[in-house]
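Open your viewer, switch on side chains as sticks, and keep the selection box handy. We will go from stop to stop, picking a few residues at a time.

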Amino acid sequence: MDEPTRAEVTGPRIEKEHFLLIAGLGGRFTRQSVSGIPDLWEKFQPHIGKVPGQKGEYTYGVCCNFDGKGGFDYIAGVEISKLDDLPEQYRWVEVQPQKYAVFEHKGSLQSLPQTFHRIFDILLPQSGHEPINAPEFERYGKDFNPDPRFCRLEIWLPIKD
């Protein structure tokens, strides 16, 4: 029998993030197709550290281009310094400087959908902050453990200034 999928969610802390240029592998998803996102990460894993112009050690899962009907683009990527040498296989997105509510997820990757529901249905409304339509992202540190049973990541949600 499988272990229950549990997670601890903390936050929010409020952060002001600088401009980010994120490049990686991407696709179009809906709530019904998010189960394909781990495959995207698996395909991107060998590219980490080899994307031209890569900055830093964080990896990002960026949700953007929301269509209002549940569809969005997702890019599994890294921060880069410029687009000049970026091969065509990569998709990219500019994340403008913004104020964010940051939540930390500790637990099963399988429980990530429940974490997002808890954040949007309970924690964010209780915080008094209002989300805005802008790219949101998951940020994974250099210590990220891709073990689906336990991981630690941050969820950055853009909010009104």
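Is W41 buried or exposed? Select W41 and see: W41 has a relative accessible area of 15%, so W41 counts as buried. Bear in mind throughout that this is a predicted model.

**Stop 1: helix α1**

Keep W41 on screen and add F44. Both residues lie in helix α1, 3 residues apart, about one turn of the helix. Their rings form an edge-to-face aromatic pair, with 6.1 Å centre to centre and 75 degrees between the planes. F44 is buried, because its relative accessible area is 0%.

**Stop 2: the nonpolar cores**

Now add V51, Y74, F103 and I119 to F44. Within the largest nonpolar core, which has 31 residues, these five touch the most other members. Colour by secondary structure to see where the core comes from: β2, α1 (37-44), β4, β6 (98-107), α2 (112-127) and β8 each supply at least two of its residues. A second, separate core holds 12 residues, among them Y60, V62, V93 and W156.

**Stop 3: around Y74**

Centre the view on Y74. Leaving aside residues up to four places away in sequence, the contacts of Y74 include L25, F29, I37, L40, W41, V62, C63 and Y140. Pick F29 from that set: F29 and Y74 make an edge-to-face aromatic pair, 6.3 Å centre to centre, with 90 degrees between the planes. This pair links distant parts of the chain, as F29 sits in strand β2 and Y74 in strand β4, 45 residues apart. Both of these residues are buried.

**Stop 4: D73 and R28**

Step back to D73 and add R28. Here is a salt bridge, with the closest N and O atoms 3.2 Å apart. The partners again come from distant parts of the chain, with D73 in strand β4 and R28 in strand β2 (residues 20-29), 45 residues apart. D73 counts as buried because its relative accessible area is 10%, whereas R28, at 41% relative accessibility, is partly exposed.

**Stop 5: a charged network**

Select R13, E15, E17, R139 and E154 together; salt bridges link these five into a network. Start from E154, whose salt bridge with R13 has its closest N and O atoms 2.9 Å apart. That pair links E154 in strand β8 (residues 151-158) with R13 in strand β1, 141 residues apart. E154 is buried at 14% relative accessibility, and R13 is partly exposed at 33%.

E154 also meets the side chain of R139 in a salt bridge of 2.9 Å, N to O. Because R139 lies in strand β7 (residues 136-140) and E154 in strand β8, this pair ties together parts 15 residues apart in sequence. R139 is buried too, at 13% relative accessibility. For context, a search of the whole structure finds 13 salt bridges.

**Stop 6: the ring cluster**

Stay with R139 and add Y58. R139 lies over the face of Y58, at 4.1 Å from the ring centre. Then extend the selection to Y60, Y100, F137 and W156, which ring pairs link with Y58 into a cluster. The whole structure has 10 aromatic pairs.

**Stop 7: two backbone oddities**

Finish with the backbone. Most peptide bonds are trans, and most residues other than glycine have a negative phi. Select G11 and P12, which are joined by a cis peptide bond with omega about 10 degrees; P12 lies in strand β1 (residues 7-17). Then select N65, where phi is positive, near 55 degrees. You will find N65 in the loop between β3 (54-64) and β4 (72-80).

Definitions and conventions
Residues are numbered from 1 along each chain as its sequence is written. This is a predicted model: local features need pLDDT of at least 70, side-chain atom pairs count only at pLDDT 80 or more; totals for chains, interfaces and linings use all residues. Side-chain values use heavy atoms; hydrogens and water are left out. Helices (H or I, at least four residues) and strands (E, at least two) are DSSP runs, numbered from the N terminus. A salt bridge is a side-chain nitrogen of Lys or Arg within 4 Å of a carboxyl oxygen of Asp or Glu. Buried means under 20% relative accessible area, exposed over 50%, partly exposed in between (1.4 Å probe, protein chains only). A nonpolar core is a set of buried Ala, Val, Leu, Ile, Met, Phe, Trp, Tyr and Cys residues joined through side-chain atoms within 4.5 Å. Contact means heavy atoms within 4.5 Å. Rings of Phe, Tyr and Trp (its six-membered ring) pair if their centres lie within 6.5 Å; planes under 30 degrees apart count as stacked, over 60 as edge-to-face and the rest as tilted. A charge sits over a ring if NZ of Lys or CZ of Arg is within 6 Å of the ring centre and within 35 degrees of the ring normal.
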